[in-house]
Amino acid sequence: MTLDGFDEIATAWSPILKGCGYRIKLRAVFCHSRPHVTFTPIPHPNYPRGNTPRRCELADLLLVIDHVDGPYMRVDRRAVLVQAKMLKGGHVKLSGSEWVQHELLAWLPPFTFLEAGYDQRVRDLGGATPVGVPAHTAEYGGIDLRSSTPVWRHELTQTTTPWFNCPVSLAYFLANAATGVLGYSREAISGGADDWSFTVDELLQVTAARPISRSFRVARGNNNIVGYIADTSSRGGGYDYVDVDMSEWPPGPISTVQLILSPIDDRREE
């Protein structure tokens with residue numbers, strides 16, 4: 001669903017955007033790994049467990065939408081972290097240590113990366129003077145592959161029961177994020193020094209630095225890049241689908257999807 005779906009989205013959007021004078025480029029890279037982080041517990045009401053430092057994966061996916069405009073490469077950026085979960089009875093249902101990651105994504109406590117490949121600074125995505133709205137930093141993506149039409153539903157995190165809110169389809173989420181509607185992804189600054197913008201840049205760079213070991217066929221007539229980094233895990237070994245509810249992923253880069261929108265009359269790339 002992820003490997004083919006985003007290319008199909010970019011391909012379907014192309015004629016629509018062309019009518020508005022824009023082109024779209026897609027770079028989607030998937031891997032069997034996640035960056036791991038550690039933070040001081042809040043703690044989560046559903047997982048108190050004392051004051052021992054928490055450790056969990058940051059997220060499954062970083063989704064970035066860049067509007068590139070003008071001769072000076074001005075970039076308007078929106079980004080969001082996505083944690084994928086298989087829907088159970090039509091709902092995202094967490095249990096046990098899964099609440100640790102919800103604690104991270106809902107409360108946004110300061111954290112540090114555990115992998116040496118990332119800057120070891122403390123990240124405070126909530127910050128005193130944040131770029132964008134911190135509450136829009138992360139979403140849970142509820143996935144159902146058993147229905148006749150696969151389902152991917154986005155839900156915002158919250159710090160009170162029922163713990164999630166504002167469910168929307170992936171298509172609706174992307175359309176609103178691409179047009180800058182408040183509540184659908186978080187503003188970031190390409191090259192920015194704030195913790196959120198810096199982290200988005202770094203996640204893109206760490207993944208881009210790994211060679212794509214397998215490329216997937218994309219729709220004819222576009223220049224989208226859809227690839228897979230197969231050497232980040234001994235599990236799954238390059239298959240198109242793995243269980244997103246696997247309890248523990250190995251450390252490493254994060255899967256990234258970057259959609260770049262630019263004017264058709266912009267000839268810098270030609």
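A salt bridge, for this tour, is a side-chain nitrogen of Lys or Arg within 4 Å of a carboxyl oxygen of Asp or Glu. Keep that in mind for the first stop, and remember that you're looking at a predicted model.

**Stop 1: a three-residue network**

Select Asp66, Arg77 and Asp201 and show their side chains. Salt bridges link these three residues in a network. One of them, Asp201, is also on the list of buried residues in helix α4, so let's go there next.

**Stop 2: helix α4**

Select residues 195–208, which make up α4. The helix has 14 residues, and from its first C-alpha to its last it reaches 20 Å. That is close to the 20 Å expected at 1.5 Å a residue.

How much of α4 is buried? The count is 10 of the 14 residues, so the helix is largely enclosed by the rest of the structure. To see this for yourself, color the buried ones: Trp196, Ser197, Thr199, Val200, Asp201, Glu202, Leu203, Leu204, Val206 and Thr207.

**Stop 3: Arg54 and Glu103**

Searching the whole structure turns up 10 salt bridges. For another of these pairs, pick Arg54 and Glu103, whose closest N and O atoms are 2.9 Å apart. This salt bridge ties together distant parts of the chain: Arg54 belongs to strand β3 and Glu103 to helix α2 (residues 98–107), with their positions 49 residues apart in sequence. Are the two partners buried or exposed? Both Arg54 and Glu103 are buried.

**Stop 4: Glu98 and Lys85**

Stay with α2 and select Glu98, then add Lys85. They form a salt bridge, with 3.1 Å between the closest N and O atoms. Here too the pair links distant parts of the chain, with Glu98 in helix α2 and Lys85 in strand β5 (residues 74–86), 13 residues apart. Glu98 is partly exposed at 21% relative accessibility, while Lys85 is buried at 9%. The cut-off for buried is under 20%, so Glu98 at 21% doesn't make it.

**Stop 5: Asp76 and Arg78**

Now move to Asp76 and Arg78. Their side chains meet in a salt bridge at 3.2 Å, N to O. Asp76 counts as partly exposed, with 27% relative accessibility; Arg78, at 17%, counts as buried.

**Stop 6: Asp60, Gln83 and Glu57**

Select Asp60, in the loop between β3 and β4 (61–69). Asp60 is buried, with a relative accessible area of 6%. Which side chain does the side chain of Asp60 touch in a polar contact? Add Gln83: the two side chains make that contact at 3.0 Å.

With Gln83 still selected, add Glu57, which lies in strand β3 (residues 54–57). Draw a C-alpha to C-alpha distance between Glu57 and Gln83 and you should get 9.4 Å, for two residues that are 26 apart in sequence. Glu57 is buried as well, at 8% relative accessibility.

**Stop 7: two cysteines**

Finish with Cys20 and Cys56. Which of them is buried and which is exposed? Cys20 is exposed, with a relative accessible area of 58%, whereas Cys56 counts as buried at 11%. How many disulfides does the structure hold? The number is 0, so don't expect a sulfur pair within 2.5 Å, the cut-off for calling a disulfide.

Conventions
Residues are numbered from 1 along each chain as its sequence is written. This is a predicted model: local features need pLDDT of at least 70, side-chain atom pairs count only at pLDDT 80 or more; totals for chains, interfaces and linings use all residues. Side-chain values use heavy atoms; hydrogens and water are left out. Helices (H or I, at least four residues) and strands (E, at least two) are DSSP runs, numbered from the N terminus. The expected span of a helix is 1.5 Å times one less than its number of residues. Buried means under 20% relative accessible area, exposed over 50%, partly exposed in between (1.4 Å probe, protein chains only). A polar contact is a pair of N or O atoms within 3.5 Å; within protein, one must be able to donate a hydrogen and the other to accept it, and residues adjacent in sequence count only if both atoms are side-chain atoms.
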